[in-house]
Amino acid sequence: MFAVYAARVDRDDPLSALELGDQPEPAPPEGWTTVSVRAASLNRHDLWSLRGVGLSADRLPMILGCDAAGTDEHGNDVIVHSVITDPDWRDDETLDPARTILSELHPGTFAERVAVPARNLVPKPAELSFEEAACLPTAWLTAFRMLFTKASLAPGATVLVQGAGGGVSTALVRLGSAAGFRMWVTSRSPERRAEALRLGADEAYELDARLPERVDAVMETVGGATWGHSVRSLKSGGTLVVAGATTGDASPAGLAHIYFRQLSVVGATMGTVDELRRLVRFCVSNGIRPLIHEVLPLQDARRGFEALDAQNVVGKIVFTV
Ligand SMILES: NC(=O)c1ccc[n+]([C@@H]2O[C@H](COP(=O)([O-])OP(=O)(O)OC[C@H]3O[C@@H](n4cnc5c(N)ncnc54)[C@H](OP(=O)(O)O)[C@@H]3O)[C@@H](O)[C@H]2O)c1
């Protein structure tokens with residue numbers, strides 16, 4: 001079957017490790033099922049994989065892609081939850097020490113078909129297109145968990161999102177705005193700040209800007225480039241939720257700010273299958289949809305990878321199969 005895969009890993013030139021072509025059909029083990037992929041969305045994780053982050057050479061070639069919406073073996077429209085746990089794990093899937101996400105240990109979703117555990121399928125409602133549904137399982141699910149599970153926010157709280165243009169950030173703005181939080185964002189680019197305001201952000205600031213007041217929570221996926229501002233922007237007792245570090249680790253960490261103002265620093269990774277079901281319901285009942293930058297046929301996936309690598313994307317890139 002046709003697939004988009006990492007043939008090698010290359011830390012400095014990830015796109016040189018990307019190949020498109022024939023890969024073996026999925027061979028689902030006991031308890032797994034095969035989904036015919038209709039749409040799959042691109043994440044920064046796919047670029048990390050090509051760089052060898054979370055993907056070792058002994059697992060190559062590896063079909064990339066964490067997110068998919070498609071049709072199961074019985075013809076039902078489904079969304080794929082990407083977190084794969086030990087078959088005996090019954091707790092929060094993201095807490096299983098042995099968990100992986102599709103494309104790390106098991107072939108991913110940038111293919112005509114993908115094998116997943118049957119319990120990882122969530123019904124796709126008719127209100128969401130396959131393209132919209134394919135944006136939910138990674139970036140949007142992570143944003144949902146950051147805001148609603150990890151941040152302990154009261155209605156009307158003020159939330160700062162660092163880096164407005166990203167897949168996770170645009171999801172945070174749409175979700176937080178629909179939930180009634182006051183959403184503030186930062187971005188390097190005036191165009192992305194304007195887009196964030198169109199998406200529902202209440203204010204958009206330059207990176208490192210002095211805010212009119214300190215915020216209840218900060219949503220951090222940028223890492224080193226914004227960490228100091230995140231720590232300084234929180235009010236006493238506030239919460240910093242961190243789910244990514246695109247620009248690398250944070251140094252200095254701002255420990256004095258953290259203990260003196262009694263900040264909580266909370267990690268977040270992906271979400272549970274139950275959170276994915278609730279996210280889907282939240283989108284349908286509030287009429288919110290992912291911001292899609294571009295839809296491309298899977299055969300043109302390289303163009304999508306190039307755009308994400310060049311940071312020319314606001315929202316999500318979706319591949320159709
Ligand atoms: N923990 C998890 O489960 C999980 C899930 C999803 C994603 N992640 C991680 O979260 C991060 C974001 O993911 P994504 O899919 O949203 O990626 P993305 O779409 O590529 O977004 C990157 C974001 O980083 C900002 N940015 C990039 N370089 C920057 C710089 N030098 N200075 C300031 N801001 C910069 C951009 O903001 P502007 O261009 O607007 O300034 C943009 O919002 C990635 O590192 C990803 O691996 C983790």
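Reader: How many positive and negative side chains does the chain have, and how far apart do the centres of the two sets lie?
Author: In this predicted model, the chain carries 31 positive and 40 negative side chains. The centres of these two sets lie 6 Å apart.

Reader: What makes the chain as compact as a globular protein of its length?
Author: The radius of gyration is 19 Å, and the globule rule gives 20 Å for 321 residues. The two values are close, so the chain is as compact as a globular protein of that length. The C-alpha trace spans about 55 × 40 × 40 Å along its principal axes. Nine helices and 18 strands make up the secondary structure.

Reader: Which share of the residues counts as buried, and which share of the contacts joins residues 24 or more positions apart?
Author: Of the 321 residues, 53% count as buried. Among contacts with a separation of 6 or more, 70% are between residues 24 or more positions apart. The chain exposes about 13,400 Å², of which carbon and sulfur atoms supply 49%.

Reader: Why is Cys 135 in no disulfide?
Author: A disulfide requires two cysteine sulfur atoms within 2.5 Å. The cysteine sulfur nearest to that of Cys 135 belongs to Cys 283 and is 9.9 Å away. That distance is too far for a bond, so Cys 135 and Cys 283 are not paired. The count of disulfides by this rule is zero.

Reader: Why are Cys 135 and Cys 283 called buried?
Author: The term applies under 20% relative accessible area. Cys 135 has a value of 0% and is therefore buried. Cys 283 also counts as buried, because its relative accessibility is 0%.

Reader: Why is Arg 214 called partly exposed?
Author: Partly exposed residues fall between the buried limit of 20% and the exposed limit of 50%. Arg 214 has a relative accessible area of 41%, so it is partly exposed. Arg 214 is placed in the loop between strand S13 (203-206) and strand S14 (215-220). Not counting residues up to four places away in sequence, Arg 214 touches Arg 232, Ser 233, Leu 234, Lys 235 and Arg 261.

Reader: What makes Arg 44 partly exposed, and where does this residue lie?
Author: Arg 44 has a relative accessible area of 25%, and is therefore partly exposed. Arg 44 belongs to helix H1. Leaving aside neighbours within four places in sequence, Arg 44 contacts Thr 246, Leu 308 and Gln 311.

Reader: Which residues of helix H1 are buried, and what covers them?
Author: In helix H1 (residues 44-51), the buried residues are His 45, Asp 46, Leu 47, Ser 49 and Leu 50. Their cover includes strand S1 (2-6), strand S2 (18-22), strand S3 (32-41), strand S8 (100-101) and helix H9 (301-309). Gly 52, just after H1, takes a positive phi of about 95°.

Reader: What is notable about phi in Ser 103, and is this residue buried or exposed?
Author: Ser 103 is not a glycine, although its phi is positive, at about 90°. Its relative accessibility is 0%, so Ser 103 counts as buried. Ser 103 is found in the loop between S8 and strand S9 (113-117).

Reader: Why is Met 270 called buried?
Author: Met 270 has a relative accessible area of 7% and is therefore buried, given the limit of 20%. Met 270 lies in the loop between strand S16 (264-267) and helix H8 (273-286). Phi of Met 270 is near 45°, a positive value in a residue other than glycine.

Note on methods:
Residues numbered from 1 in each chain as written. Predicted model: local features only at pLDDT ≥ 70, side-chain atom pairs only at ≥ 80, totals over all residues. Heavy atoms only, no water. Buried < 20%, exposed > 50% of the residue type's maximum accessible area, 1.4 Å probe, protein only. Helix = DSSP H or I, 4+ residues; strand = E, 2+ residues; numbered from the N terminus. Rg over C-alpha atoms; globule rule 2.2 N^0.38 Å. Contact = heavy atoms within 4.5 Å. Areas by Shrake-Rupley, 256 points an atom, 1.4 Å probe, with all protein chains shown as cover. Lys, Arg positive; Asp, Glu negative; His and termini not counted. Charge placed at Lys NZ, Arg CZ, Asp CG, Glu CD.
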